[in-house]
Amino acid sequence: MSTAQDAASLETLRAELRRAACDALQAGAELVLGWGPGPDPATLAPLFAASPGECAALDFGPGAVQNLAGHLRALAGRKVAVCVKGCDSRSVAQLLAEGLLRREELVLIGLPCAGVLDRTRLAPGAPAPGDWACAAPDELLDPRCLRCRFPNPVLADVTIGPGRAPREPEGGPHADLDAFLARPVEERFRHWERELGRCLRCYACRNACPLCVCRDHCLAETRRPGWLSQSSSVREKLLFQVIHAVHTAGRCTECGQCQRACPVDIPVLTLKRVLAREAEALFGHVAGTDPAQVPPLLTFRAEEPTIPDHGAEEGR
Amino acid sequence: MRLGVFVCHCGSNIAATVDCAAVALAARAMPDVAFAADSVYTCSEPGQEAIVAAVAEHGLDGVVVASCSPRMHERTFRRTVARAGLNPYMFEMANIREHVSWVGRDKERNTAKATDLVRMAVEKLRRNRPLTPREFPVTRRVLVVGGGVAGIQAALDCADGGLEVVLVERASSIGGKMAQLDKTFPTVDCSSCVLGPRMVDVAQHPGITLHAYSEVASVSGWVGNFEVAVRRKATYVDWSKCTGCGECVKKCPARDAPDPFNAGLAPARAINIPFPQAIPKKAVINPAHCKQLTTGKCGVCAKVCPSGAIDYAMTETTVTEKVGAIIVATGYELFDPKVYGQYGGGRYPDVITSMQYERMLSASGPTGGHVLRPSDGREPRSVVFIQCVGSRDRHIGRPYCSGFCCMYTAKQAILTRDHVPGAQTYVFYMDIRSPGKGYDEFIRRAMEEYGVRYVRGRVSRIFPKGDRLVVRGADTLMAAQVQVEADLVVLAVGAEHAPGAHELAATLRVSIDEHGFFMEGHPKLRPVETNTAGVYLAGACQGPKDIPASVSQASAAAAKVLGLFARGTLASDPQVALVDPRRCVGCLKCLKTCPFGAIREEQGRDGAVRAQVVETVCQGCGVCCVTCPQGAVQLQHFTDDQILAEVEALCRIPLPTCG
């Protein structure tokens with residue numbers, strides 16, 4: 001429940017955000033990508049503001065679940081401002097590192113974030129369990145927010161709101177992965193067969209992914225090369241998820257949009273998290289933390305010091 | 001599509017454990033296969049003619065040969081198919097020898113596996129497309145790395161063949177190890193008299209550009225069009241002015257610099273010309289020992305130099321050379337005998353290496369050609385030679401025979417008798433290895449005419465006794481302990497890879513073996529080529545070699561380069577990556593991963609950025625293909641669809657039950 005003081009600071013924050021958005025428009029941005037009122041009290045919806053009047057509806061809070069960085073590639077060539085949470089800013093940094101966005105075309109409005117809601121944990125039509133000034137209870141948050149290492153934007157031109165402390169979950173951020181990977185391989189395979197049995201091949205996961213830049217050229221929808229067939233077998237569905245995970249290995253910032261977008265709640269983020277952890281362990285690389293970094297799978301070295309069997313050929 | 005399948009017996013190599021007729025019969029039922037037969041030797045002339053005839057008779061569009069490894073005969077059969085009027089890439093090979101008959105004995109299961117491999121090849125061939133190589137111009141210049149006898153020979157042969165040659169030598173003079181030698185076996189002719197004129201030829205040849213005191217810093221490009229950055233180290237002497245008069249060397253007060261040319265037998269001046277016949281005969285300052293450069297107080301050489309060539313402010317420079325081929329002739333280094341504590345090398349002054357002894361024998365060496373003990377300058381009466389120091393010893397990681405030590409030890413033992421009449425010489429050896437023209441006769445002469453005492457056995461220990469050394473070892477032919485008192489002990493050190501070989505191999509993208517020697521393309525059939533097109537090997541950098549073998553290999557490498565350049569253009573391998581511009585989204589991940597710099601950014605007419613493969617640079621490694629998320633980059637002849645078809649062909653078949 002918000003107190004009068006919270007309400008006052010909420011209004012201050014909103015005013016600051018709207019002012020920053022207007023400033024960005026004045027500075028030459030054609031659009032401000034942010035959030036505005038949603039269809040119900042617990043939800044914020046993406047809002048693309050092109051005028052100061054539209055900026056007056058901008059808002060932020062635990063309902064701001066979308067990663068707006070996913071829209072930037074389509075707007076390339078135009079100067080835009082975008083509101084980014086910590087995780088969203090990593091997507092921007094990663095796209096910059098890959099040369100897929102230009103920094104000079106972006107105005108980044110950073111919004112430190114205390115976690116976003118997991119819609120599956122809310123009853124339909126429930127009142128908002130929190131707002132920008134007053135964080136929602138942990139049990140209603142997206143689980144990935146409970147292990148968030150980057151609540152504050154890694155990259156921003158202006159930051160609005162107080163900084164947030166990174167989460168330090170018990171057993172480390174990968175405790176659930178360790179538990180999953182400890183299960184026998186057959187059991188894990190059955191798990192994926194069961195989970196992916198629901199897959200509709202709607203590709204909402206891919207469409208929501210800010211790093212999926214192929215769009216109309218996706219391997220999933222081409223016959224040349226024909227990696228995937230139209231067969232509705234679990235094998236094909238799993239293969240698509242594996243391809244998606246491999247294509248985002250060392251790039252995925254774990255923004256969770258793929259899993260959030262899934263209409264049948266398949267935990268596809270797990271596959272990507274495992275590879276992200278591998279990339280960190282092997283190459284010391286955390287994707288989307290520095291736009292100047294070279295992602296490990298986007299470079300070539302004849303010898304990888306951290307992959308010991310690579311020199312085996314020399315002993316021939 | 002009409003395909004033909006030819007199953008080879010390879011005599012009994014395949015037919016003994018594979019039912020070739022049954023494989024051919026099964027192939028006839030495969031999609032698009034219009035003809036299938038088995039033959040005893042498909043690679044033989046009648047075997048190849050049968051393919052040509054079948055293509056004509058049955059109107060075939062493609063051919064599968066099930067036989068040996070493609071490494072063996074893919075080129076052979078591509079030529080056969082081309083002779084039959086087909087595109088050479090409308091051909092697939094199924095390896096049913098190395099992958100089947102040589103690794104399994106069960107004829108029934110071997111036959112089933114051979115059939116599977118043929119089915120994969122058929123499915124691949126059904127998706128093959130004719131490919132055509134592109135012609136591209138070559139730079140008719142060759143880089144020779146290393147100016148020892150091999151590099152000199154290769155440079156002269158190439159230059160005489162009409163090529164421009166760039167010779168890069170790390171030291172300040174060419175000549176290499178051979179220039180350090182006094183005499184050469186088995187003719188005992190003067191080394192510098194043989195080599196000297198050739199060195200002069202290099203200096204005077206209008207087709208040879210010599211970069212001495214320089215190193216190869218980086219290499220980019222590909223066969224026919226390499227770009228090489230040569231780092232010219234700072235000599236602190238302007239070589240365009242230096243006349244090699246040697247005044248500076250005489251007057252230099254810093255007399256403690258190391259002298260690698262004399263193998264550490266005597267110190268050198270800080271400014272030095274390594275030997276009288278040096279090419280180029282120019283002085284170089286050792287900056288670590290020069291008083292002017294270390295303390296800022298001296299400048300003697302600058303004062304005495306009549307041509308004003310001294311330049312203390314000189315810095316290294318880099319020059320870029322464009323060449324079409326590279327010959328590596330970086331030679332070898334000698335083993336450091338300090339590894340064997342029991343011989344006392346480095347501890348006892350009168351235990352020296354064979355190269356130090358060589359310098360002692362040389363009239364231009366520090367002792368003026370007199371054999372004198374380093375400890376007291378006395379002439380030795382008894383000299384012991386110990387062979388296999390750093391050769392044929394697994395325990396120190398040198399399991400190989402260095403090849404030339406038996407011969408040079410015999411030469412040195414003979415020369416000892418010439419230099420010190422009446423001196424007694426002993427040689428401790430493991431085996432005498434003298435396979436060469438006139439070599440064994442030479443050893444016989446040492447034993448019989450010069451009275452060199454050969455003792456077959458290893459030395460266990462060398463220790464001082466008074467001012468002499470006691471060499472204790474075994475005589476395995478007499479089955480007895482022997483003990484010899486010696487005035488001088490010479491360790492016949494073996495060969496090891498040259499320092500920096502690993503770095504150079506990485507720069508040139510060639511392989512190196514476990515001992516640091518460069519890998520030839522094939523031990524028998526491609527002994528001077530490497531697996532990198534346009535890079536050739538000459539001399540001891542490929543493995544220990546004596547002078548005749550090094551010179552032969554150098555001439556062979558030169559012949560290969562001349563052959564490569566014989567036509568003005570080269571054909572590029574069409575098995576390269578190709579970007580489908582309709583699928584490319586311009587993310588340029590391929591550009592970032594390409595190890596050969598073969599991908600460039602291109603702006604299409606629609607303004608969109610796309611990747612483009614430079615066909616002549618692409619080596620067909622496929623890194624870009626696995627990097628491209630959309631599969632927009634496809635390796636021609638190994639496209640995703642072709643490989644997936646092979647996988648499907650294999651996986652759709654129920655696997656045979658084991659046991």
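**Exercise 1. Find the residue in β27(B) that is the bridge partner of B:I327, and place the two strands in their sheet.**

Step 1. In this predicted model, B:I327 has B:Y536 of β27(B) as its bridge partner.

Step 2. The pairing of β16(B) with β27(B) is parallel and runs over three bridges.

Step 3. Both strands belong to an open sheet of five strands in chain B, whose order is β10-β7-β6-β16-β27 and whose pairing is parallel. The edges are held by β10 (208-211) and β27 of chain B, each of which has a single partner strand, so that one side of each is left without a neighbour in the sheet. Averaged over the sheet and with direction ignored, neighbouring strands are turned by 20 degrees against each other.

Step 4. The helix α6(B) packs on this sheet, where it touches β6, β7 (164-168), β10 and β16 of chain B, and its direction makes about 165 degrees with that of β7(B).

**Exercise 2. Check the length of helix α16 of chain B against its expected span, and state what its buried residues pack against.**

Step 1. Helix α16 of chain B covers residues 547-564, which is 18 residues. The expected span is 1.5 Å times one less than the number of residues, which gives 26 Å for this helix. The end C-alpha atoms of α16 of chain B are 25 Å apart, in agreement with that expectation.

Step 2. The buried residues of α16(B) include B:I547, B:S550, B:V551, B:Q553 and B:A554, and, further along, B:A557, B:A558, B:K560, B:V561 and B:L564. An α-helix has 3.6 residues a turn, so residues three or four places apart point the same way.

Step 3. The partners of these buried residues in chain B are the strands β6 (141-145), β8 (183-184), β16 (325-328) and β27 (535-537), together with the helices α6 (149-160) and α7 (176-180).

**Exercise 3. Describe chain B as a whole.**

Step 1. Chain B contains 19 helices and 32 strands, and its C-alpha atoms fill a box of roughly 90 × 70 × 40 Å along the principal axes.

Step 2. Of its 659 residues, 48% count as buried. Among the contacts in chain B with a separation of 6 or more, 69% are between residues 24 or more positions apart.

**Exercise 4. Describe how the two domains of chain A meet.**

Step 1. Chain A is divided into domain 1 (4-159) and domain 2 (175-312), and the centres of these domains, taken over C-alpha atoms, are separated by 25 Å.

Step 2. Contact between them involves 21 residues of domain 1 and 20 residues of domain 2. On the side of domain 1 of chain A that touches domain 2, nine residues are nonpolar, five are polar and seven are charged.

Methods
Residues are numbered from 1 along each chain as its sequence is written. Chains are lettered from A and ligands numbered from 1 in the order in which they are written. This is a predicted model: local features need pLDDT of at least 70, side-chain atom pairs count only at pLDDT 80 or more; totals for chains, interfaces and linings use all residues. Domain bounds come from an automatic or database domain assignment. Two residues are in contact if their C-beta atoms, placed from the backbone, lie within 7 Å. Ala, Val, Leu, Ile, Met, Phe, Trp, Tyr, Cys and Pro count as nonpolar, Asp, Glu, Lys and Arg as charged, and the others, Gly among them, as polar. Helices (H or I, at least four residues) and strands (E, at least two) are DSSP runs, numbered from the N terminus. A residue is buried if 20 or more other C-beta atoms lie within 10 Å of its own, exposed if 12 or fewer, and partly exposed in between; C-beta atoms are placed from the backbone. Two strands pair if DSSP finds at least two bridges between them. Axes are lines fitted to C-alpha atoms, for helices over the stretch in contact, and angles run from 0 to 180 degrees between N-to-C directions.
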